[in-house]
Protein chains: 2
Amino acid sequence: MRTKHRDTATGRDDTLGTRERVVRATSALMQRQGFDGTGIKQIAQEAGATLGSVYHFFPGGKQQLAVAAVRHGDREFADLLREILDSEPDPAAAVMACTRSLAEGLRESDWVDGCPVTATALGTAGRFPDIQQAAAEAFEHWHALVLDKLRAAGIRDEDADDLAWTVINTLEGAELTAQVSRSVKPLEAAGRHLARLITLYQQAATTP
Amino acid sequence: MRTKHRDTATGRDDTLGTRERVVRATSALMQRQGFDGTGIKQIAQEAGATLGSVYHFFPGGKQQLAVAAVRHGDREFADLLREILDSEPDPAAAVMACTRSLAEGLRESDWVDGCPVTATALGTAGRFPDIQQAAAEAFEHWHALVLDKLRAAGIRDEDADDLAWTVINTLEGAELTAQVSRSVKPLEAAGRHLARLITLYQQAATTP
DNA sequence: AACCTCCTAGAACGAACGCTCTATCTAGAG
DNA sequence: CTCTAGATAGAGCGTTCGTTCTAGGAGGTT
């Protein structure tokens, strides 16, 4: 029954298992519409699955779906972030490359694909601790990646941790502002200023 | 019928008109639960109004309610921002005071009251242009306030505009990260680094 | 008195929601 | 072949959604 054909219109890949297709559809839909704006029947339709299949793989219902979607978004952005950070030896240049990549992704999606976990996490702030914790763990993973890069570049340990948080914060906020404003300007400014900040702490580390 | 009594349990103020009570309830609820997570009947109940009253003042329905709520959040945060910026002559110290204020607000609300426009705007990204534009205007208003402060402190015009965007971006992102992580650490780091960045551009302006 | 405008009140509608349920299909083991 | 567990299929449950609708109350003007 399952064909090896890729549906170019919806981006759905029938070679993936049902569970994976459902997770990806949930992630994509909640990224755009948030938790409450996304229906399970809509997820099933987008994934090319039926309601029975969805509840077979996710007996915990919508909440379990959201947690899986957030974790998927976590891995997805972590892979992108790792790739970009590895491609540039200089951390300042690497962070600027990140802002360019985020800007490109936003523009290509006509300003609808923002951070894959923010929309889901924000709408469920105090209501579903599981979802919130999955989102918090995503931020921590991304922070760890940036932290490694900063430390490898010689930035002092006591500076690097906070600086890595500011990098994540600013990327997050700039993407959000850029999306709402439909302009890459906030992301461009963020890249320039983060690069400036990073080189500042690099100099501080080499001249004690 | 209308008493002059303030309901200390719900925070509802009966001395306000119905329309204003509805707007405030919408703003508060959508700040926590987003657009789709907030029902009109819930708004009516929280505001101490009936469904008929809500639709009398907002015949445009939920969409019009959301726009009014975002504009209310815009004014609310603009007032706070203006007050803090005016209380500190040094822009770096003023921005740090902002991060402290945001951290305090988050902690007091048990991490549920984040930015009053983000949750509403994110969930309606591509669907309701009116809401998105109201949110974009809010960011512009806040940006203008920071921009004035930076210029008044002598920062070069060509630097100040981008720098003001990064301040807004980073405040936004840090509040978001702090809320999800239930920790003030991201906000504290943001305050320190923004202050550092601002003084850097101040020095650049005085030593050509 | 009558009248008019503003506002309040909530029943009722069709649609969509999350979820449960039973039934059927498929594939591999024996 | 039969047996079984995993996966698929979708009708239907009760509830809630946004919205519409009609009816009534409050207060001022004529």
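Is F77(B) buried or exposed? The model is a predicted one, and in it F77(B) has a relative accessibility of 15%. Buried means under 20% relative accessible area, so F77(B) counts as buried.

The ring of F77(B) has a partner. A search of the whole structure finds six aromatic pairs over all chains. In one of them, F77(B) and W142(B) meet edge-to-face, with 4.6 Å from centre to centre and 70° between the planes. F77(B) belongs to helix α4 (residues 61-87) of chain B and W142(B) to helix α7 of chain B, so this pair ties together parts that are 65 residues apart in sequence. W142(B) is also buried, with a relative accessible area of 1%.

W142(B) pairs with F139(B) as well: the ring centres are 5.6 Å apart and the planes stand at 70°, so this pair is edge-to-face. F139(B) and W142(B) are three residues apart in helix α7 of chain B, which means about one helical turn separates them. F139(B) has 0% relative accessibility and therefore counts as buried. In chain A, F77(A), F139(A) and W142(A) form one aromatic cluster.

Helix α7 of chain B runs over residues 129-152. At 1.5 Å a residue, its 24 residues should span 34 Å, and the end C-alpha atoms are 34 Å apart, so the two values agree. After α7(B) comes G154(B), which has a positive phi, near 95°.

Two other rings have a charge over them. The charged end of K62(B) sits over the ring of F35(B), 4.7 Å from the ring centre. Between chains, R196(A) lies over the face of Y201(B), at 5.1 Å from the centre of that ring.

Definitions and conventions: Residues numbered from 1 in each chain as written. Chains lettered and ligands numbered in written order. Predicted model: local features only at pLDDT ≥ 70, side-chain atom pairs only at ≥ 80, totals over all residues. Heavy atoms only, no water. Helix = DSSP H or I, 4+ residues; strand = E, 2+ residues; numbered from the N terminus. Expected span 1.5 Å × (residues − 1). Phe/Tyr/Trp six-rings, centres within 6.5 Å; stacked < 30°, edge-to-face > 60°. Buried < 20%, exposed > 50% of the residue type's maximum accessible area, 1.4 Å probe, protein only. Lys NZ or Arg CZ within 6 Å of the ring centre and 35° of its normal.
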